[in-house]
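Look at the chain below and follow how its parts pack together. Start with the inside, then work outwards.

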Amino acid sequence: MTAISDRKPSPPDWSIVDRHVAREIAKSGDVYLGELHKIAASIEARASTLTAVFSSSAVASMAVLGNSSNTWASNPQFIVSGVVIALGWFAAANYCVSAILPKTFPVPGAHPERWYESTSANLNQLLGWEAEECQGRIGRALVANGLSARRFNFGARLGVGVPAIGAGAWLLTSLVFWCV
């Protein structure tokens, strides 16, 4: 059984819809799509910030490893956990970058040339067709935002968890070398 909210309503016969209603429907679709753009920009801003933080952390941990190689050469726990931490932060940064990558994102409004072949239709039909097209663009925007948000979320969680993963690598390496 399908819930009421899961059903996709069919578009009305636009030729009988009141012109003001049709105009408001088309306008509200453009406004909604514009708000989705703001959400996408917010995701990208956060992802780019975390990309810089995680990349810097990875480079810093590699610098510490390189600088301390003579001191810690006999300590495999330090080397293994340092490499695991650096690789974890690089992986987290990579996921955040994938949330920023250029993607096709539908923009609000319509190109005037899209209306050229339809000039014989009445304004209600044109507005209705534009509202239907806008609904399709909203669907594509929701998919793009969802994908970016999932990538960002995974990268952020991974980056925050890297120190714990590094500590686990330290403990695991300690156990392995203690047993040997």
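## The main core

In this predicted model, the largest nonpolar core has 14 residues. Five of them have the most contacts inside this core: Ala 47, Phe 54, Trp 89, Cys 96 and Phe 152. Three elements each give two or more residues to the core: helix H1 (19-67), H2 and H3. H2 gives the most, with six residues.

Which residues does Ala 47 touch, leaving out those up to four places away in sequence? They are Cys 96, Ala 99, Ile 100 and Phe 152. Two of these partners, Cys 96 and Phe 152, are also on the list of residues with the most contacts inside the core.

## A second core

Another core lies apart from the main one. This one has six residues. Among them are Trp 14, Ala 22, Ala 26 and Leu 127.

## The fold as a whole

Now step back to the whole chain. It has three helices and zero strands. Read along the sequence, the pattern is α-α-α.

How much of the chain is buried? Of its 180 residues, 32% are buried. The accessible surface comes to about 11600 Å². Carbon and sulfur atoms account for 64% of that surface.

Contacts also say something about the fold. Take those between residues at least 6 apart in sequence. Of these, 84% join residues at least 24 apart.

## How H2 meets H3

Helix H2 covers residues 76-100, and helix H3 covers residues 123-179. Their axes come within 8 Å. They cross at roughly 170 degrees. Angles over 145 degrees count as roughly antiparallel, so H2 is roughly antiparallel to H3.

What kinds of residues make up the contact of H2 with H3? By class, there are 21 nonpolar residues, 10 polar and one charged.

## A residue at the surface

Ala 164 is found in helix H3. Is Ala 164 buried or exposed? Its relative accessible area is 53%. The cut-off for exposed is over 50%, so Ala 164 counts as exposed.

Now compare positions in sequence and in space. Ala 164 and Ile 85 are 79 residues apart along the chain. Their C-alpha atoms are separated by 8.9 Å.

Technical notes: Residues are numbered from 1 along each chain as its sequence is written. This is a predicted model: local features need pLDDT of at least 70, side-chain atom pairs count only at pLDDT 80 or more; totals for chains, interfaces and linings use all residues. Side-chain values use heavy atoms; hydrogens and water are left out. Helices (H or I, at least four residues) and strands (E, at least two) are DSSP runs, numbered from the N terminus. Buried means under 20% relative accessible area, exposed over 50%, partly exposed in between (1.4 Å probe, protein chains only). Contact means heavy atoms within 4.5 Å. Accessible areas come from the Shrake-Rupley method with a 1.4 Å probe; for residues, only the protein chains shown count as cover. Axes are lines fitted to C-alpha atoms, for helices over the stretch in contact, and angles run from 0 to 180 degrees between N-to-C directions. Angles under 35 degrees count as roughly parallel, over 145 as roughly antiparallel, 65 to 115 as roughly perpendicular and the rest as oblique. Ala, Val, Leu, Ile, Met, Phe, Trp, Tyr, Cys and Pro count as nonpolar, Asp, Glu, Lys and Arg as charged, and the others, Gly among them, as polar. A nonpolar core is a set of buried Ala, Val, Leu, Ile, Met, Phe, Trp, Tyr and Cys residues joined through side-chain atoms within 4.5 Å.
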